[in-house]
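This report covers charged pairs, a charged patch and the cysteines. Please keep the structure open while reading.

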Amino acid sequence: MGKSETALAVAKAFNAEIVNGDAFQCYKEMEIGVAKPPKEYFDEIPHHLFSFVDVNHDYSIAEYQENLRNKINELLSERKNVVIVGGSGLYIRSALYDYEFAKESGIDMTKYQKMTNAELHDVLEEIDPKEAEKIHMNNRKRVLRAIEIYLSQGKSKSEVIDSQEHKLVFDAKFYVRNMDREVLYDLINKRVDKMMESGLLNEVKKIVEKYGEDCKSLQAIGYKELIPVLHGESSLEEGVELVKKNSRNYAKRQVTYIKHQFPVNFYENTQDLLEILKK
């Protein structure tokens, strides 16, 4: 069983409703590539925060934090348990822990966008040496974001993080399936093949034709790799192999992040998890 099937079984057993914890399953029109749960699951148990954001909307972590916290409080007020399913660790952590997103005024970053990677990193070292140590010079997007935080909030990203206690704001427990890495990689490869058979390339084509290629949502793995295929810049085989490679790499980073950021409990399969939860 995958995450969606396990979540459904847990929700049925423990008077719970399911809430999306994936950064891209929130988008409408993106179905195959983000591996949304089958529609029949939604008929069996209520699912929330799926398919409610327009593809061309730049949906932020701060918005997700607000949406998830509101939904959790709503379900708890109805005496429901909550099952959050998904692997976007930073999104989930931002909502369940005491993360605060300060209101940011619009900052003109034109001056910085013209700088080289080395020049940008020098700026970051001056304003936030702690963060500069963590971010590689060539990770231009993260360097720019750290500079933008300092300019808009008047304090560095490190200061913002250090001011938070990193405490849970909800009574939550975290469960991750214990799986051999080679088995996981094989499942990922087979899942990508199934996505292609289900029409993923056509799904990408429809979204690109409707919204263009610059949507943040199209940075999702399974979409960004196939856009060059549509333009004839790479073959279908190359695109599919890249989806598989990026999916495997993401899964590896995901596991590392979750192990370091959450007090995780491991389970072997769905039945094992149900037994653990009954104790």
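Lys28 is partly exposed, with a relative accessible area of 34%. The model is predicted, and in this model Lys28 forms a salt bridge with Asp54. The closest N and O atoms of the pair are 3.0 Å apart. Asp54 is partly exposed too, at 39% relative accessible area. Where do Asp54 and Lys28 lie? Asp54 sits in the loop between β2 (47-48) and α3 (61-77). Lys28 sits in the loop between β1 (16-20) and α2 (39-44). The pair therefore ties together parts that are 26 residues apart in sequence.

**Other salt bridges**

How many salt bridges does a search of the whole structure find? The search finds 15. Side chains of opposite charge can pair when their charged atoms come close. Three of the pairs are tabulated here.

| Acidic residue | Basic residue | Closest N to O distance |
|---|---|---|
| Asp54 | Lys28 | 3.0 Å |
| Asp186 | Lys190 | 3.2 Å |
| Asp193 | Lys244 | 2.9 Å |

Asp186 and Lys190 both belong to helix α10 (residues 181-197). They are four residues apart, about one turn of the helix. Asp186 is partly exposed, at 36% relative accessibility. Lys190 is exposed, with a relative accessible area of 52%.

Asp193 and Lys244 also form a salt bridge, with 2.9 Å between the closest N and O atoms. Asp193 lies in helix α10 and Lys244 in helix α13 (residues 236-261), so this pair ties together parts that are 51 residues apart in sequence. Is Lys244 buried or exposed? Lys244 counts as buried, at 9% relative accessibility. Its partner Asp193 is partly exposed, with a relative accessible area of 31%.

Salt bridges also link residues into a network. Its members are Glu131, Lys134, Arg142 and Lys157.

**A negative patch**

Which residues form the negative surface patch? They are Glu119, Asp122, Glu125, Glu126 and Glu133. Helix α6 (residues 117-127) gives the largest share of the patch, with four residues. Glu133 lies in helix α7 (residues 129-134). Glu133 is exposed, with a relative accessible area of 75%. Patch members must have over 30% relative accessible area and no salt bridge.

Asn117 also has its place in helix α6. Asn117 is partly exposed, at 23% relative accessible area. How far is Asn117 from Asp193? Their C-alpha atoms are separated by 37 Å. Along the chain, Asn117 and Asp193 are 76 residues apart.

**Cysteines**

A disulfide is a covalent bond between the sulfur atoms of two cysteines. How many disulfides does a search of the whole structure find? The search finds zero. Cys26 is in no disulfide, and the nearest cysteine sulfur, that of Cys215, is 13 Å away. Why is there no bond for Cys215? The closest cysteine sulfur, in Cys26, is 13 Å from the sulfur of Cys215, too far for a bond. The cut-off for a disulfide is a pair of cysteine sulfur atoms within 2.5 Å.

Cys26 counts as buried, at 1% relative accessibility. Cys215 is buried as well, with a relative accessible area of 7%.

Note on methods:
Residues numbered from 1 in each chain as written. Predicted model: local features only at pLDDT ≥ 70, side-chain atom pairs only at ≥ 80, totals over all residues. Heavy atoms only, no water. Patch = residues over 30% accessible without salt bridge, like charges linked within 9 Å, V, L, I, M, F, W, Y side chains within 5 Å. Areas by Shrake-Rupley, 256 points an atom, 1.4 Å probe, with all protein chains shown as cover. Salt bridge = Lys/Arg side-chain N within 4 Å of Asp/Glu carboxyl O. Lys, Arg positive; Asp, Glu negative; His and termini not counted. Charge placed at Lys NZ, Arg CZ, Asp CG, Glu CD. Helix = DSSP H or I, 4+ residues; strand = E, 2+ residues; numbered from the N terminus. Buried < 20%, exposed > 50% of the residue type's maximum accessible area, 1.4 Å probe, protein only.
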